[in-house]
Amino acid sequence: MDDVIRVIVGHRPYRPAGFVVKSEQMDGKTIVHNYGHGGGGISLGWGSSALAVRELHGRPPGTVAVIGSGIMGLTSARLLQDAGWQVTIYTRDMWRHTTSNVAAGEWHPWAVYDAAVAGPDFMSQYYQAARIAHHAYTNLTGPDYGIRWLESYWLTDTPATTGADPDPLADLFPYQGELGPGEHPFPTRYARHEVTMQIDPGVLLRRLTQDFQVAGGRFMIRNFMASTELLQLPEPVIFNCTGLGSRELFGDEDLTAAKGQLVFLPPDPAVDYMTSGGGAGNLYMFPRSDVVLLGGTFKTGDFSKNPEPDETERIVTEHQRIFSEFS
């Protein structure tokens, strides 16, 4: 506990039925929605935004407003610029104060939807977004965008389910396997092993902001309280990338907060792998370049912004237990 640098809270914009990508007409303006990605916003960013930009297919480029400067706002803006649009981002907060900057950063879409609620149309959209996003990130690997390939271990006492339906995204992971008792140093019986990308949100968001400005984009600091205020903007096309803000702006009652709490420790360059699971609650450890990040929580319907000391202690204590026998 003495090594804790900082504890922060973020609210994932979670919809049990899955994220929203669609367009609609309001008072003569085209509104393109791109929000509600739960715990998979960073992972799905480029893909979901590509689907959103596709909503303008066949329309000649002009001026467009993007609302929000998190991962969906920035990736939508960059893709719109690439397609020839003149983009202004209207945002209450710059990237460093967004929920996206609180993200952990493993490429593995997580807690995006409830399988009992999400329909086949959404699942098709989800798989498209995941594949597009994965391809985009593989083109950006390296320190400039804060993306690197790492091993990841899911710690569990039960083996992988045999006879389960195959994962449609399994081919996106260069390696997947399972280590049994005696084959790994973790305190659990099994460690499911894969190789995937780790994304440092701070580096990525900073670089996307720079790219956006270099390409001629501009930021306007605005806090919209209702959709009627959005309709007063001069741009004929508006991209709604407000995440949880869409609940109030557009009355999406299916959208709720999923509170997450992260604990930051000093960075350790010797740690070159990620872990998930292995103890009580939602646990994960990611070795970013700036910190070792420990999570976490996933509390749906919890809009509170305060870090909870008992959760901090649980997160740290459980990770102490996981790594206590390492030499």
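What follows is a walk through selected spots of this predicted model, from a buried asparagine to a few unusual backbone angles.

Let's start with asparagine 240, which sits in strand 10, the run covering residues 237-240. Is this residue buried or exposed? Its relative accessibility is 0%, so asparagine 240 counts as buried. Leaving aside residues up to four places away in sequence, its contacts are Ile31, Val32, His33, Asn34, Tyr35, Ile67, Ser246 and Phe250. Two polar contacts involve its side chain. One goes to the side chain of histidine 33, at 3.0 Å, and another goes to the side chain of threonine 242, at 2.7 Å. To get a feel for distances in the model, take arginine 321 as a reference point: asparagine 240 is 81 residues from arginine 321 in sequence, and their C-alpha atoms are 43 Å apart.

Now for the charged pairs. Side chains of opposite charge can pair when their charged atoms come close. How many salt bridges are there in this model? The count comes to 16. A good one to look up joins aspartate 252 and arginine 15, with 2.9 Å between the closest N and O atoms. Aspartate 252 is in the loop between helix 6 (246-249) and strand 11 (256-265), while arginine 15 is in the loop between strand 1 (6-14) and strand 2 (20-26), so this salt bridge ties together parts that are 237 residues apart in sequence. Both partners, aspartate 252 and arginine 15, are buried.

Lysine 299 gives you another place to look, this time with two acidic partners to follow. Its side chain meets that of glutamate 308 in a salt bridge, at 2.9 Å from N to O. Lysine 299 also forms a salt bridge with glutamate 311, where the closest N and O atoms are again 2.9 Å apart. Here lysine 299 belongs to strand 15 (residues 299-300) and glutamate 311 to helix 7 (residues 309-323), so the pair ties together parts that are 12 residues apart in sequence. What about exposure? Lysine 299 has a relative accessible area of 24%, so it is classed as partly exposed. Glutamate 308 is buried at 15%, and glutamate 311 is buried at 11%. Zoom out a little and you find a network of salt bridges that links Lys259, Lys299, Glu308, Glu311 and Arg314.

Since glutamate 311 has brought us to helix 7, let's check the helix itself. With 15 residues at 1.5 Å a residue, helix 7 should span 21 Å, and the distance between its end C-alpha atoms is 21 Å, which agrees. Which residues of helix 7 are buried? They are Glu311, Thr312, Arg314, Ile315, Val316, Glu318, His319 and Ile322. Note that Glu311 and Arg314 appear here and also in the salt-bridge network.

Next, head over to aspartate 200, in the loop between strand 8 (190-199) and helix 4 (201-214). With a relative accessibility of 7%, aspartate 200 counts as buried. Its side chain reaches the backbone nitrogen of glycine 202 at 3.2 Å. Setting aside residues up to four places away in sequence, aspartate 200 touches Tyr145, Gly146, Arg288, Ser289 and Asp290.

Last stop: the backbone. Most residues other than glycine have a negative phi, and most peptide bonds are trans. With that in mind, look at the peptide bond from glycine 295 to glycine 296, which is cis, with omega near 5°. Glycine 296 lies in the loop between strand 14 (292-295) and strand 15.

Two residues are worth a look for their phi values. Aspartate 27 has a positive phi, near 50°, without being a glycine. Aspartate 27 is placed in the loop between strand 2 and strand 3 (29-35), and its relative accessible area of 70% makes it exposed. Alanine 111, not a glycine either, has a positive phi of about 55°. You'll find alanine 111 in the loop between strand 5 (86-91) and helix 3 (120-138). Its relative accessible area is 23%, so alanine 111 is partly exposed.

Note on methods:
Residues are numbered from 1 along each chain as its sequence is written. This is a predicted model: local features need pLDDT of at least 70, side-chain atom pairs count only at pLDDT 80 or more; totals for chains, interfaces and linings use all residues. Side-chain values use heavy atoms; hydrogens and water are left out. Helices (H or I, at least four residues) and strands (E, at least two) are DSSP runs, numbered from the N terminus. Buried means under 20% relative accessible area, exposed over 50%, partly exposed in between (1.4 Å probe, protein chains only). Contact means heavy atoms within 4.5 Å. A polar contact is a pair of N or O atoms within 3.5 Å; within protein, one must be able to donate a hydrogen and the other to accept it, and residues adjacent in sequence count only if both atoms are side-chain atoms. A salt bridge is a side-chain nitrogen of Lys or Arg within 4 Å of a carboxyl oxygen of Asp or Glu. The expected span of a helix is 1.5 Å times one less than its number of residues.
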